[in-house]
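User: I would like a close look at a single part of this model. Please keep the answer connected and place the part in its surroundings.

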Amino acid sequence: MAPQYGQPQTGGPARDPAQPHAGGPGWDPSRAQPGGPSWEPSRVPAGAAGSDVPSAALGSGARQGGSPLHADWRPAPGGHPGPAGSAEAWSGRPGPAGPEAAGHGHPSGATGRPGGDGAYAHPGPGIPAAGEAESWDGPVPHAAPGAATADARPTGRAARRSGTDEPPASGNRRAARRSRTADPADAATGHPADADPGDGRSGLPGGRRRSRGTGPAGAAAGALADQPAGRAARRTGNAEPPAPGNRRTARRSRTADAAGSGSGSGRGSRRAGGGAGASGARGQRRGRRVVKGVGLCAAIVACGVFVLRAGEARGGIADRTPAPAAAADAPDPGRVLQIVAHPDDDLYFMNPDLRYSIAAGHPVTTVYLTAGEADGINATEGKQASTPPNKPAYAEARQNGIRAAYAKMATGDRSSAWKRTAVPTKGGGHAEVDVLVAKPEVNLVWLQLREAGTVYDSTPDSLHGLWDGKISALGAQLSSGTPVKQRFSYSKEQLVQTVAGILEQYKPTTVRAQDPTPGRFPDKRYADHQDHFYGARFAQAALAAYAKDVAPANRPHFAVQNYLGYSNGSLPSALDPDEAKAKLDILDTYAWLDRQNHCGSDAGCGDLKVADHPAGNGWTSTVNYARGTGTSWLTSDKEHGLWAFKVLDGQVAVWHRSGPIGAWSGPRLLPGTGMDPGISTVTLPDGRIAAFGTRTSFGSRPTDYRREVGYVVQKGPGSEEFGDWQSLGTPEGADENWTSDISAPAVSVDGTGQLAAYVRDGASTLRGRVQLANGTWGPWSPYGGADLHGTPVTAMDGAGRRMVFAATAKSVLGWAQPKPGAPLGPATPTGLPDTTLPLTAEGREGGVRLWFRKPGSGNVRTALVTGDGGLKVNHLTDLGGLQGFGSVAASGHVLAGRSAGGQLGSDLGSGRPWERSPLMFVGAPSSTTTGRNTVSLAVVGLDARLYVTSSADDANAHLAPWLPVGPRNTGR
C-alpha cells in the first residue's frame, strides 16, 4: 500500500552502502552462511530450509510465443451475450479430460514419488527440478542453525511411501514391527482396551472395527498416516504397491496356524504346553505369532481406506459412526508466493494468512513490484513539512520495516539477520533477493520499480501507464541500501517475463495476489490503489505465461487466491480481537514505533508515514478474499460418486470418485485457460453436473481486458466427458467503466428445472441471466439492490422457489420468486444484522438457511429464511466457532470453515465443541451429502492438492481421517 496518510514523509540521509548491518548491504557476499558453504553473489538461498536460489536469472529460457492469450469461449445459445458482445468459439473441445491433461506428468494411478531421490523438498527458487541440475551454478548451502532441513528423510516403509530410497537399519524395522503388533486389542478397535465401545465411536458404520491411526491418538502412527499401500493405494489414486515381502507376509498371516487362531486357543493355552520339544515348539509358535501380528497390521494398513469408504457406502444402513478425525496423510507444506505492489500491502491485506503460513513453517516468498518510494518523505504527520524528501532512503526504510516484520513473524526477533543479494532477472533487469538467515525458507524479492505516487490520478510513469501503453518502459527506483547497482527498466512484456521467471524458480503451489478488478466508487474513483490492481493484472499475465511456457511435468500445479484492498475499510471487521491485535502488532513493527535503530541503517528501520495510524483505515481488523469464496465446488451424483471442481494453473481441475467406494482420479484439467478462482456447480434435472465460473482475457489492446461468465456441462450423467465451454458474456460494457468488477456466479435450478446465474456487477447491484425453455439464455437483467459486496448466493426452498441473497456493509438483501418459474422478485431487506463476507445458502427445513460470520468475532451464525408471504428471517442463532474468518461450508450436520491459525475448523453437531484439523487450505471448503446419511467434505491445501473426508450424518459422528487425492504435488 503506497502511503496515503497526510502529507509526504521522508527518512534520514542516505546511508553508506558500505556500512554493514544485520542483513544489510555491507554483508560480505563471500562470507559463509551460518551452517553453509561460501556464499556466491549470484546465488540466493530460499525454499526449503537449507536450499538456495539459482540466480543466473530469476527464471531462465526464452519465452515461447507472444502474449499469454487463450482460446475464447463459444457463445451460449441466445441473442443476449451481454453488452460486451459474445466470445468466439474455443479452439478445442474439452472432451474427456484424460490423465495426460492432469498437468502433473503422471497418469491416474501413476506413482506418487517425486523426481530425483523423491524426498519432498520445497524448491524455493533454488531446488532444481529433475533433469535441470545443469542450470545451477554452485553447491546448495546447508540450513542455518535452527532451521528445518530438507534432507531429514523417513526410514523404512515410511521412506518408501514418501519416495525416499534410504532403507532403515534392520533394528528399526524390527522395532517398527514390534510397535505395530503391540497391544493388538487397541490395534483392532482403534481405542484403548479400557475405552467403552458403546459410546458410539468404537467402530465404523456396519460394525467393522477401525484400525489404529483412525483415532486421535493413533493418527500419526496409524494405517493412514502414510500413503496407503497396495489395493488401498490404487483406490486413493496413489499406485505405489507394497513391497513384495509385505504381500508375502500378508498371505502367510492369512494361512499360518489356522487351527490355532481359529480354535480360539490363546497365548495362555500355548504357554501351558510342555514335554519334550516344548521349548522348540514354543519358539516356532512365537515365530508364527510374530508373522500373524505383522500380517494383521499389514492387512489393516492395506484395508484402511477401503474400510473408510465401505463405511461411507453403508452410511444409510449403519448404526455406528466413525472415530474422531485425524490426519490421514500429513499434508505437504506447499510453497506460497505472494505478489504485491508495495511494501506493506502484504501486511495489511494478506495477513493473517501470511503469518499463519510462516508460523506453520511453510516456505513463503513475497515479491514486491515497486519500491514504494511515494514522495520520499519518511516522517510522521507533524514532521513531514520539515523533512526533506529522499526517495532512495524512504524505499530503504520501508524495506527495513518489512524485513523486521517478517523476522518477527518467523523468529520473534525483528532484528534477525537477512542475507541480501542482487540477481539478474528473466526480463533483463536485476532484483534484490533477501533471505532470512535463521529461516531461509522465508524470502523477499524486490523488483524496485517506480510507483504511481497517487491512488487515482493518471500517472503515465507507473504500472498503470506501462499496462496501458502510455510509456514503453518503466524504470527502477533503487533503495539506498540495495545490493542492486545497475539501472534498468522493463517494457510490459519484460515485466511479465520477470515475474514469470520468479515463478519458474520458486515453483509455488499457492500464489497470493491483489484484486485485479476492484471496481469504482459512484464518483468513478478507483476503489483501490491503481498500483494494487494493475500490479495484480501483471501477476495474472505472468501466471498465464508461466502456466503456458513451463511444461506441466516441470512444475507443480498452483492455486491462486486474490485479496481485497482498500475496500476492506468499508466492510465489517472479519477478525476477532486477538487476531486483529496480532495483525496490528506486525504493523507496529513495520511502522517503527519505538525509533530504535535496530537495523543499523541511516535510512531508518521502518515506515514512519504510517506510524500515526498503523491500523490504516481499519485494515488490521479484517481480511477478505476477492474471489474463490463459494462452497458448492464439491458435489455428488445419483450413484453417490463425488466430483470436485477447482481452478489450478488457470484451468478448471476436476477430481472424481466413482460411486461410494470407487477410486479417485484427478486432477484433470479441462481445456480453456484464464479461469479465475471460484467455481460453482449445480445438478441439472437430468442428473448432469454444470460448472460455472469466470475467466479473464487480455486481448491485443489494453482496453480489451475483460472478465466474463461461462459454464461447462457433462455430456451425460456420471460421464467423464464435458461439452464445450459456453460464454454468458458479462453485464459490464467495458473495462474502463467498472474495471470488469463482476463477482463469481451464483447458480441454481428452481422447481420447474429453470437454470439461472447471478453476479454482483461493478455498480454493486444484482444482475442475472435465466435459461429459457428452449435452452437459450435471456439477457443480463437488472435486479436492483445497492452497496452489494462479495459474491451472491442462491438456493431453492421447499416449494421450489429460487431465493438469492447478497451482503451489504450493514445487512443482507434477498430476492425470491413468488412461485417456481416466475421472475425474481424485488430486492427485499432481510433485517439481518451486519455480517462479514461471504454468505453460504442451502435449501432445507422448507426454506433456505443462511450461514455467515459475526463481525469482530469469527463466530458462525445461521438463520432460516422462508418465503411464504414475503421473505421472513427466523431464529438467528450463534453457533460459536474457532475465531476464524471466511466461508462456512454446510451440509447435513457438518459445518466447516477457516479457524484462527488458518487450519480447518469443523462443527459436527449442536452442543459439541468445534474441532480443529491440521489442514491449511486455499479459498473455501466445500461439502455435500452422499447417500442417505453421509456428508463429504473437501478442501484444496496450500500444496494445491485435494483432501477429502466424510462423516455419517449423525449427532455422535466424527470426521474420518483426511484422504489426499493423487500424488504429492511436488513438481520436478
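Which residues form a disulfide, and how far apart are their sulfur atoms?

Analyst: The model is predicted. The disulfide is formed by Cys 599 and Cys 605, with 2.1 Å between the sulfur atoms. A search of the whole structure turns up one disulfide. In general terms, such a link is a covalent bond between the sulfur atoms of two cysteines. The torsion about the S-S bond of Cys 599 and Cys 605 is about -90°, so this disulfide is left-handed. Cys 599 has a relative accessible area of 10% and is therefore buried, the cut-off being under 20%. Cys 605 is buried too, at 0% relative accessibility.

Two other residues help to describe the loop between helix H15 (577-591) and strand S14 (634-636). Trp 592 is in this loop between H15 and S14. Trp 592 is not a glycine, yet its phi is positive, at about 60°. With a relative accessible area of 11%, Trp 592 is buried. Thr 631 is placed in the loop between H15 and S14 as well. Its relative accessibility is 16%, so Thr 631 counts as buried. Beyond its neighbours within four places in sequence, Thr 631 is in contact with Thr 840, Ser 887, Val 888, Ala 889, Ala 924, Pro 925, Ser 926 and Ser 927.

Strand S14 belongs to an open sheet of four strands, paired antiparallel in the order S14-S15-S16-S17. S14 and strand S17 (664-669) are at the edges with a single partner strand each, so one side of each has no neighbour in the sheet. Ignoring direction, neighbouring strands of this sheet are turned by 20° against each other on average. Within the sheet, strand S15 (residues 642-648) and strand S16 (residues 651-657) run antiparallel and are joined by seven bridges. Ala 644 is opposite Trp 655 in S16. As a general point, the strands of a sheet pair through backbone hydrogen bonds, either parallel or antiparallel.

Helix H14 (residues 530-549) can be described in the same manner. H14 has 20 residues and spans 28 Å from its first C-alpha to its last, close to the 28 Å expected at 1.5 Å a residue. Of the 20 residues in H14, 17 are buried, and the helix is mostly covered.

Some backbone details lie elsewhere in the chain. One cis peptide bond joins Leu 837 and Pro 838, with omega about -10°. Pro 838 is part of strand S31 (residues 836-844). Another cis peptide bond is between Asn 351 and Pro 352, where omega is about 15°. Pro 352 is in the loop between helix H9 (345-349) and helix H10 (353-359). Ser 764, also not a glycine, has a positive phi of about 65°, and its place is the loop between strand S24 (755-760) and strand S25 (766-770).

As for the chain as a whole, it contains 16 helices and 41 strands. Of its 972 residues, 61% are buried. Among contacts in the chain with a separation of 6 or more, 65% are between residues 24 or more positions apart. The exposed area of the chain is about 33,100 Å², of which carbon and sulfur atoms supply 52%.

Notes
Residues numbered from 1 in each chain as written. Predicted model: local features only at pLDDT ≥ 70, side-chain atom pairs only at ≥ 80, totals over all residues. Heavy atoms only, no water. Buried < 20%, exposed > 50% of the residue type's maximum accessible area, 1.4 Å probe, protein only. Contact = heavy atoms within 4.5 Å. Disulfide = S-S within 2.5 Å. Pairing = 2+ DSSP bridges. Axes fitted to C-alpha atoms, helices over the stretch in contact; angles between N-to-C directions. Expected span 1.5 Å × (residues − 1). Areas by Shrake-Rupley, 256 points an atom, 1.4 Å probe, with all protein chains shown as cover.
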